[in-house]
Amino acid sequence: IASVCKELLKIGTPRSPLLDTTEGTLTDEDLETLNIDFDQLPAWLDELEKHGVYFSQPLDLDLMMLEAFPDRYKSLAPPNGGPRIPKVTDAKYADRIKSAIRVVLGDEGGDGSSYSSASQGLFPWYSYLFLGRGKPSTHVLALVAVPDSDLKSKMPAPLKKLAEKVSKQLTKQ
């Protein structure tokens, strides 16, 4: 968030209200040491959206799209291909999910406990589909046959907001 704020300042965004807090307006020095509590995050995200900045949730665009269109993305695996995931009832399932979470989030990314169990269950697929291969081509292959109506109705919220913002900007011109 600090780096996004710095970039917005560079392109002429006024410091206030962008950097206003309950204790005053943040300085450049404050931005260097900015530490945002989890409960403050929604307010920051709301403010940044006013400036055309949209964050993917819960992780990134790839996980958002995988959650929105799981069958389309999973269909990219060849027959009998894809990640090897034990059945949920198998004792090895939890270990497989933890392993995939560690691969995706890395050593400093946490243990994945902030993600829903449904999202955690997609981490093996995330690793398979997006790590070590072309992300844009994966998205194109997955979405090329999705009807526009499905894209619109299942589009993740941050992308809907972005599309609405772009549409409004285009109609102003």
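1. Start with Leu 162 in this predicted model. Its relative accessibility is 34%. Partly exposed covers the range between under 20%, which is buried, and over 50%, which is exposed. Leu 162 therefore counts as partly exposed. The residue sits in helix α11, which covers residues 157-172.

2. Leu 162 also belongs to a nonpolar surface patch. Val 166 and Leu 170 are its partners there. Together the three have about 250 Å² of accessible area.

3. Next, the pockets. The largest pocket holds about 480 Å³ of space. It is lined by 17 residues. Closest to its centre are Phe 38, Leu 41, Leu 45, Ser 56 and Gln 57. Two elements, α4 (41-49) and α11, give two or more residues each to this lining. Helix α4 gives the most, with 5 residues.

4. What classes of residue make up the lining of the largest pocket? There are 11 nonpolar residues, 3 polar and 3 charged.

5. The second largest pocket has a volume of about 310 Å³. Its lining has 14 residues. Asp 20, Thr 21, Thr 22, Gln 40 and Trp 44 are the closest to the centre. By class, this lining splits into 7 nonpolar, 4 polar and 3 charged residues.

6. Which elements supply at least two residues each to the lining of the second largest pocket? They are α2 (15-18), β1 (20-21) and α4. Helix α4 gives the most here, with 3 residues. For the reader at the screen, α4 is worth finding: it is the top contributor to the lining of the largest pocket and to that of the second largest.

Notes
Residues numbered from 1 in each chain as written. Predicted model: local features only at pLDDT ≥ 70, side-chain atom pairs only at ≥ 80, totals over all residues. Heavy atoms only, no water. Patch = residues over 30% accessible without salt bridge, like charges linked within 9 Å, V, L, I, M, F, W, Y side chains within 5 Å. Areas by Shrake-Rupley, 256 points an atom, 1.4 Å probe, with all protein chains shown as cover. Salt bridge = Lys/Arg side-chain N within 4 Å of Asp/Glu carboxyl O. Helix = DSSP H or I, 4+ residues; strand = E, 2+ residues; numbered from the N terminus. Buried < 20%, exposed > 50% of the residue type's maximum accessible area, 1.4 Å probe, protein only. 1 Å grid on protein atoms, 1.4 Å probe; cavity = no way out; pocket = protein on both sides within 12 Å on 5 of 7 lines; lining within 4 Å. Points joined across faces, edges and corners; volume = space filled by probe spheres on them. Nonpolar A, V, L, I, M, F, W, Y, C, P; charged D, E, K, R; others polar.
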